[in-house]
Amino acid sequence: MALSLYVDTARWRAHQKTVIDQFPGLIPVCKGNGYGFGHERLAEEAARFGADMLAVGTTYEAAKIKDWFGGDLLVLTPFRRGEEPVPLPDRVIRSVSSVDGVHALVGARVVIEVMSSMKRHGVREEELGLLAAAIEDVRLEGFALHLPLDRPDGTDAVEEVIAWMDRLRAARLPLHTMFVSHLRAEEQARLQQQFPQTRFRARIGTRLWLGDHEATEYRGSVLDVTRVAKGDRFGYRQQKAASDGWLVVVAGGTSHGVGLEAPKAMHGVMPRAKGVARAGLATVNRNLSPFVWAGKQRWFAEPPHMQVSILFVPADAQEPQVGDELVAHLRHTTTQYDRLVER
C-alpha cells in the first residue's frame, strides 16, 4: 500500500514536445525533488528528447545527476567564494553573480547572471566595466537573466532583456548566448528576431514537466477503515468524533509532504477571505486534507502522521474499503511518492 504518482506517459511526453517546439534551444531544469518525479527520471527524459544541457539547483545535485545525464550540467545556484568544494567533471557549468565570483573561478566554465528586476542576485550595471578583465580567466558560456513571473506595474519582460543587452554591448562584453527564464514563447521569438547573432536559451522546469495537470495524478491507498460514533475518542490526542462516520487510514504522511504547504501570494479580496477562513478553522483543529473521496475533499481527523494520514468520512458518504485509492491534490515540488506508475 503506497502513495503513488500515476503518469499518463504519452500525454506527458506530448506536452513536453509542445514546449520544446516553442522554445528552440530549451534547457530543461531538474532541481529540488525533480518536480515530484525525481532526478533520475527527469534526467532520463532530458536525454530521451536530446537535450544537450540540463540545469540543476546545486552542486550537490550536479554530483548526483552527473551519473544519469551525459551532457552539460548548469548549476543555477551562484558560486560563492569559500563554499564547500564538490568534485565535479568539466562538463559542469557554474552560475556566477558577482565579479569576485568570476575572479575566483579561474579556468572554469561560467554563466554570469546579471541583476534583473527580481533583485535576487546578479552583477549590477555599474559593475560591468570590471567584467571585461575578469572574463579573460574563465570560459564564458554566456550571460543569464532571471525574470519575475508577475508584472503588476505593467512593465515589459522583452524591454527588460533588451535594456540588458544594450548595457552588455556598451560594456563590450560578448553576447553570443543569453540564458533566460520566465519568458513566453512569443517574447523569446521577438528577442531572437531583434538579436539574430545571440542565441537565447530558455531554462524551463515547471512549464515543461508540470504544464499539463491532467497527465499526472497522486493517489493514496486506503490501509484501514474504522467506524466511529459521535463522541467516540480516537487518535494520538484522543479527540472526540464530531459525528458518526469512519476513520480512514490512507497512505501519505508528512514524510511524503502531505500536510506541508508553501506560502502563497494572495491577490484580491476573495482569496484573502478564504485564507482567513482556513486559518480560523485550523484553530479549532479543522484542517482540510488533500485527499478526495466520493467527490469531496475530506477533512483530516487529526494532523497527518509520518507515513499515513487519518481522515474523517461522515456516515452519509459511501464507506471506503481497504485497497481503495484516494486521489490526492498535492504540490509536486514538495511531494515524495512511494512508487511511480506509468500508464
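In the predicted model, the crossing of helices α1 and α2 is right-handed. Helix α1 spans residues 9-22 and helix α2 spans residues 39-48, and their axes come within 12 Å of one another, crossing at roughly 60 degrees. The two helices are therefore oblique to each other, since an angle of this kind falls outside the ranges counted as roughly parallel (under 35 degrees), roughly perpendicular (65 to 115) and roughly antiparallel (over 145). On the side of α1 the contact is made by Thr9, Trp12, Arg13 and Gln16, and on the side of α2 by Arg41, Leu42, Glu45 and Arg48. In terms of residue character, this contact divides into 2 nonpolar, 2 polar and 4 charged residues.

A further helix pair is formed by α6, which covers residues 157-170, and α7, which covers residues 185-194. The axes of α6 and α7 come within 10 Å and cross at roughly 30 degrees, and the crossing of this pair is likewise right-handed. From α6, the residues Ala157, Val158, Glu159, Val161 and Ile162 meet Glu187, Arg190, Leu191 and Gln194 of α7. The residues of the contact between α6 and α7 comprise 5 nonpolar, 1 polar and 3 charged.

Taken as a whole, the protein contains 9 helices and 18 strands, and its C-alpha atoms fill a box of roughly 75 × 45 × 40 Å along the principal axes. Of its 343 residues, 47% count as buried. When contacts between residues at least 6 apart in sequence are considered, 66% of them join residues that are at least 24 apart. Individual buried positions with contacts of this kind are described next.

Ser309 is located in strand β16, which runs over residues 308-314, and has a relative accessible area of 0%, so that it is classed as buried. The C-alpha atom of Ser309 is separated by 5.4 Å from that of Val250, although the two residues are 59 positions apart along the chain. With neighbours within four places in sequence set aside, Ser309 is in contact with Val248, Val249, Val250, Gly252, Gly253, Val258, Phe291, Phe300 and Pro304. Gly252, one of these partners, also takes part in a polar approach, its backbone oxygen lying 2.7 Å from a polar atom of the Ser309 side chain.

Leu326, in strand β17 (residues 325-328), is also buried, with a relative accessible area of 1%. Leu326 and Ser221 are 105 residues apart in sequence, yet their C-alpha atoms are 6.4 Å apart in space. Residues up to four places away in sequence not being counted, Leu326 touches Tyr218, Arg219, Gly220 and Val222, together with Phe291, Val292, Trp293 and Leu311. Phe291 thus appears among the contacts of Leu326 and among those of Ser309.

The loop between β6 (109-113) and α5 (128-134) holds Ser116, which counts as buried at 7% relative accessibility. A polar atom of the Ser116 side chain lies 2.4 Å from the backbone oxygen of His146. Beyond its neighbours within four places in sequence, Ser116 is in contact with Leu145, His146, Leu147, Glu160 and Trp164; of these, Glu160 and Trp164 fall within the residue range 157-170 assigned to α6.

Lys119 lies in the loop between β6 and α5 as well, but this residue is exposed, with a relative accessible area of 66%, whereas Ser116 is buried. The backbone of Lys119 has a positive phi of about 55 degrees, although the residue is not a glycine. A positive phi is also found at Arg172, again a residue other than glycine, where the value is about 60 degrees. Arg172 is placed in the loop between α6 and β8, the latter covering residues 177-181, and counts as exposed at 75% relative accessibility.

Terms used: Residues are numbered from 1 along each chain as its sequence is written. This is a predicted model: local features need pLDDT of at least 70, side-chain atom pairs count only at pLDDT 80 or more; totals for chains, interfaces and linings use all residues. Side-chain values use heavy atoms; hydrogens and water are left out. Axes are lines fitted to C-alpha atoms, for helices over the stretch in contact, and angles run from 0 to 180 degrees between N-to-C directions. Helices (H or I, at least four residues) and strands (E, at least two) are DSSP runs, numbered from the N terminus. A crossing is left-handed if the near helix is turned anticlockwise from the far one by less than a right angle, and right-handed if clockwise. Contact means heavy atoms within 4.5 Å. Ala, Val, Leu, Ile, Met, Phe, Trp, Tyr, Cys and Pro count as nonpolar, Asp, Glu, Lys and Arg as charged, and the others, Gly among them, as polar. Buried means under 20% relative accessible area, exposed over 50%, partly exposed in between (1.4 Å probe, protein chains only). A polar contact is a pair of N or O atoms within 3.5 Å; within protein, one must be able to donate a hydrogen and the other to accept it, and residues adjacent in sequence count only if both atoms are side-chain atoms.
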